[in-house]
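These are my notebook entries on the interior of one structure. I looked up how its core is built, how one helix is set against its surroundings, and where empty space is left.

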Amino acid sequence: MNLLKFIALNTLLGASLFASEIITVAATPVPHAEILEQIKPDLEQKGYKLEIKEFTDYVLPNLAVDGGEIDANFFQHIPYLEEFNKNKGTKLVKVAAVHIEPMAVYSKKFKSIDELPNGATIAVPNDPTNESRALDIIAKAGLVKFKDSALKTPVDIIDNPKKIKFVELKAAQLPRSLEDVDFAVINSNYALSADLNPAKDSVLIEDGQSPYVNILVIKEGHENDEKIKALSQALQSQKVKDYINQKYNGSVIPAF
């Protein structure tokens, strides 16, 4: 082997030896993908290249992780994950709690929830856990009462003095529904994507006792993978905490 070939071979071997291991994470655009973008340099320093795959629904990211196509996802809270595993037979687990996105009620027709008229229409998410969460907010405002149920739906209403009509829509469609309904209860990630700030633009916001912490999720059995540990540590860093506080001004709250 001549000298040039020897150098070329060693250069190739060296490049492959120090090549970054890829971590793929599915996320909804705001705030999840934005938060993930902040930790790319930190993971690169540890030898990992973070690839963010953006999704705008709540089903495909879980199926992709369960199917082994993607390493992890970052978009959901624990009640949604538990219900998804139960209904789909998936084996997904939480590995890190990152933040809380307070769900809130918005309106383009009224400035206060106190202005809610008789027969008002309120749009809510149509997936079971987020619908129940949205209805809890309306119930805590004293507008309706429900019978005891683990997951509330409009069918569970036992007292509705203002004759409110609930419209069930996909979560991603809720911001667009504001033109057609009186109020809409919107997940903060979709609200922020539509330039709605839960802390400033809502007429009613979820209180701080919410159990709906947004989490990093992987397929069961990969909890001890080194790249998953690195990803979790990066997401729960002081850098991420400071970024969330500065970027979202209370509309997203660190949970670590």
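**Entry 1: the cores**

I began with the largest nonpolar core, which has 30 residues; Leu36, Ile39, Leu43, Leu50, Leu231 and Leu235 touch the most other members. I note at the outset that the model is predicted.

I then asked which elements supply at least two residues of this core. They are the strands β1 (21-27), β2 (48-54), β3, β4 and β12 (213-219), together with the helices α2, α10 and α11. The largest share comes from α10, with five residues.

I next took Leu235 and looked up its contacts, leaving aside neighbours within four places in sequence. Leu235 is in contact with Ile35, Leu36, Ile39, Phe74, Val98, Leu216, Val240 and Phe256.

I also found a second core, separate from the one above, with 20 residues. Met103, Ile113, Leu116 and Val203 are among them.

**Entry 2: helix α11**

Which residues of α11 (residues 238-248) are buried? I list Val240, Tyr243, Ile244 and Tyr248. These residues lie on the same side of α11, because the arc they cover around the axis is only 100°.

I then looked up what the buried residues of α11 pack against. Their partners are α2 (29-38), β4 (92-100), α8, α10 (226-235) and β13 (253-254). Val240, one of the buried residues of α11, is also among the contacts of Leu235.

At the end of the helix I recorded Asn249, which follows α11 and has a positive phi, near 50°.

**Entry 3: the cavity**

I turned to enclosed space. How many cavities of 30 Å³ or more does a search of the whole structure find? The search finds one, and I recorded its volume as about 100 Å³. It is lined by 13 residues, and Tyr58, Phe75, His77, Asn187 and Asn214 are the closest to its centre.

Two or more lining residues come from each of β3 (72-77), α6 (128-140) and α8 (188-193). I note that β3 gives the most, with three residues. By class, the lining has eight polar, three nonpolar and two charged residues.

**Entry 4: the pockets**

For open space I started with the largest pocket, whose volume is about 340 Å³. Its lining has 17 residues, of which Tyr58, Val59, Tyr80, Asn126 and Asp127 are the closest to the centre. I see Tyr58 here again, having listed it among the residues closest to the centre of the cavity.

The elements that give two or more residues to the lining of this pocket are α5 (78-88) and α6. The largest share, five residues, is from α5. I counted the lining by class as eight nonpolar, five charged and four polar residues.

The second largest pocket has a volume of about 170 Å³. I asked which of its 13 lining residues lie nearest its centre, and found Asp136, Ile137, Lys140, Glu206 and Asp207. Here α6 and β11 (204-205) give two or more residues to the lining, and the largest share, four residues, comes from α6. The classes are six nonpolar, five charged and two polar residues.

I close by noting where α6 recurs. Helix α6 gives two or more residues to the lining of the cavity, to that of the largest pocket and to that of the second largest pocket.

Note on methods. Residues are numbered from 1 along each chain as its sequence is written. This is a predicted model: local features need pLDDT of at least 70, side-chain atom pairs count only at pLDDT 80 or more; totals for chains, interfaces and linings use all residues. Side-chain values use heavy atoms; hydrogens and water are left out. On a 1 Å grid over the protein atoms alone, a cavity is a set of points where a 1.4 Å probe fits but cannot get out, and a pocket is an open set with protein on both sides within 12 Å along at least five of seven lines; lining residues have an atom within 4 Å of a point. Grid points are joined across faces, edges and corners, and a volume is the space filled by probe spheres set on the points. Ala, Val, Leu, Ile, Met, Phe, Trp, Tyr, Cys and Pro count as nonpolar, Asp, Glu, Lys and Arg as charged, and the others, Gly among them, as polar. Buried means under 20% relative accessible area, exposed over 50%, partly exposed in between (1.4 Å probe, protein chains only). The arc is that of the directions from the helix axis to the C-beta atoms. Contact means heavy atoms within 4.5 Å. A nonpolar core is a set of buried Ala, Val, Leu, Ile, Met, Phe, Trp, Tyr and Cys residues joined through side-chain atoms within 4.5 Å.
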